[in-house]
Amino acid sequence: DLLRSWRIEWRCGVNLASDVAIVVGELATNAVRHAGSGFTVSLMLAVDAVRIQVEDARPLAGSHGDPPLPVSPDHGLGLVDAVAARWGVQPADGGKTVWAELPLT
């Protein structure tokens, strides 16, 4: 509904809503599975991309000896990497934010 209100459900003949759903689903699943905490999902519209952010309560990997974020080609961050133009992780108050950007062009 949010993408529809922004009038960007489709981009270049591709259903952007499906790609957003994949990214949100994978990042939210990772927050539950790996952080074991609640999470917040945010979508932001920029001129050339939709930015999806998922913030959880687990500190950024490496800050307490945690392993880096796992990337497997068939699921999780591997799917995010395949769908998004770019993605990353950054520290947040009391946890971390994992984000991905889907291009609009």
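**Exercise 1. Classify Arg51 in this predicted model as buried or exposed, then do likewise for its salt-bridge partner Glu101.**

Step 1. Start with Arg51, whose relative accessibility is 17%. The cut-off for buried is under 20%, so Arg51 counts as buried.

Step 2. Glu101 has a relative accessibility of 16%, and therefore Glu101 counts as buried too.

Step 3. Now look at the contact itself: the closest N and O atoms of Glu101 and Arg51 are 2.8 Å apart, and the two residues form a salt bridge.

Step 4. Place the partners in the fold. Arg51 belongs to strand S4 (residues 49–56) and Glu101 to strand S8 (residues 95–103), so this pair ties together parts that lie 50 residues apart in sequence.

**Exercise 2. Examine the salt bridge between Asp56 and Lys96: which strands does it link, and are its partners buried or exposed?**

Step 1. Check the distance. The side chains of Asp56 and Lys96 meet at 3.0 Å, N to O.

Step 2. Find the strands. Asp56 sits in strand S4 and Lys96 in strand S8, so the link spans distant parts of the chain, 40 residues apart.

Step 3. Compare with the cut-off of under 20% for buried. Asp56 has a relative accessible area of 8% and is buried; Lys96, at 6% relative accessibility, counts as buried as well.

Step 4. Finish with the network: shared partners in salt bridges join Arg51, Arg86 and Glu101 into one network.

**Exercise 3. How many salt bridges does the structure hold, and is Asp1, the partner of Arg4, buried or exposed?**

Step 1. The total is four salt bridges. One of them pairs Arg4 with Asp1, with the closest N and O atoms 2.7 Å apart.

Step 2. Exposed requires over 50% relative accessible area. Asp1 reaches 75% and counts as exposed.

Step 3. Arg4 has a value of 48%, so Arg4 is partly exposed.

**Exercise 4. Work out the strand order of the open four-stranded sheet and say which strands form its edges.**

Step 1. Read the order as S3-S4-S8-S7, with antiparallel pairing. Strand S3 (39–45) and strand S7 (86–92) are the edges, since each pairs on one side only. From one strand to the next, the twist averages 20 degrees.

Step 2. Recall what holds such an arrangement together: strands of a sheet pair through backbone hydrogen bonds, either parallel or antiparallel.

Step 3. Go through the pairs from S3 onwards:

- S3 and S4 are antiparallel over seven bridges, and a hairpin joins them through three residues. Phe39 has Asp56 in S4 as its bridge partner.
- S4 and S8 are antiparallel over eight bridges. Here Val50 stands opposite Leu102 in S8.
- S7 and S8 run antiparallel, joined by seven bridges. Pro91 is partnered by Lys96 in S8.

Step 4. Look at the S7–S8 connection. These strands form a hairpin with two residues between them, and Gly94 in the turn has a positive phi of about 75 degrees.

**Exercise 5. Which strands does helix H2 lie across, and how many residues of S4 are buried?**

Step 1. Follow H2 over the sheet: it lies across S3, S4 and S8 and runs at about 15 degrees to S4.

Step 2. Count the covered positions in S4. Seven of its eight residues are buried, so this strand is mostly covered.

Step 3. Turn to the surface. Val32, whose place is in helix H2 (residues 16–35), makes a nonpolar surface patch of about 230 Å² together with Phe39 and Val41.

**Exercise 6. What pattern of helices and strands does the protein follow along its sequence, and what percentage of its residues is buried?**

Step 1. Take the inventory: three helices and eight strands. Along the sequence they follow α-β-β-α-β-β-β-β-α-β-β.

Step 2. Of the 105 residues, 35% are buried.

Step 3. Consider the contacts with a separation of 6 or more. Residues 24 or more positions apart account for 53% of them.

Step 4. Close with the surface. The protein exposes about 6000 Å², and carbon and sulfur atoms supply 54% of that area.

Note on methods
Residues are numbered from 1 along each chain as its sequence is written. This is a predicted model: local features need pLDDT of at least 70, side-chain atom pairs count only at pLDDT 80 or more; totals for chains, interfaces and linings use all residues. Side-chain values use heavy atoms; hydrogens and water are left out. Buried means under 20% relative accessible area, exposed over 50%, partly exposed in between (1.4 Å probe, protein chains only). Patches are made of residues with over 30% relative accessible area and no salt bridge: like charges are joined within 9 Å, nonpolar side chains (Val, Leu, Ile, Met, Phe, Trp, Tyr) within 5 Å. Accessible areas come from the Shrake-Rupley method with a 1.4 Å probe; for residues, only the protein chains shown count as cover. Two strands pair if DSSP finds at least two bridges between them. Axes are lines fitted to C-alpha atoms, for helices over the stretch in contact, and angles run from 0 to 180 degrees between N-to-C directions. Contact means heavy atoms within 4.5 Å.
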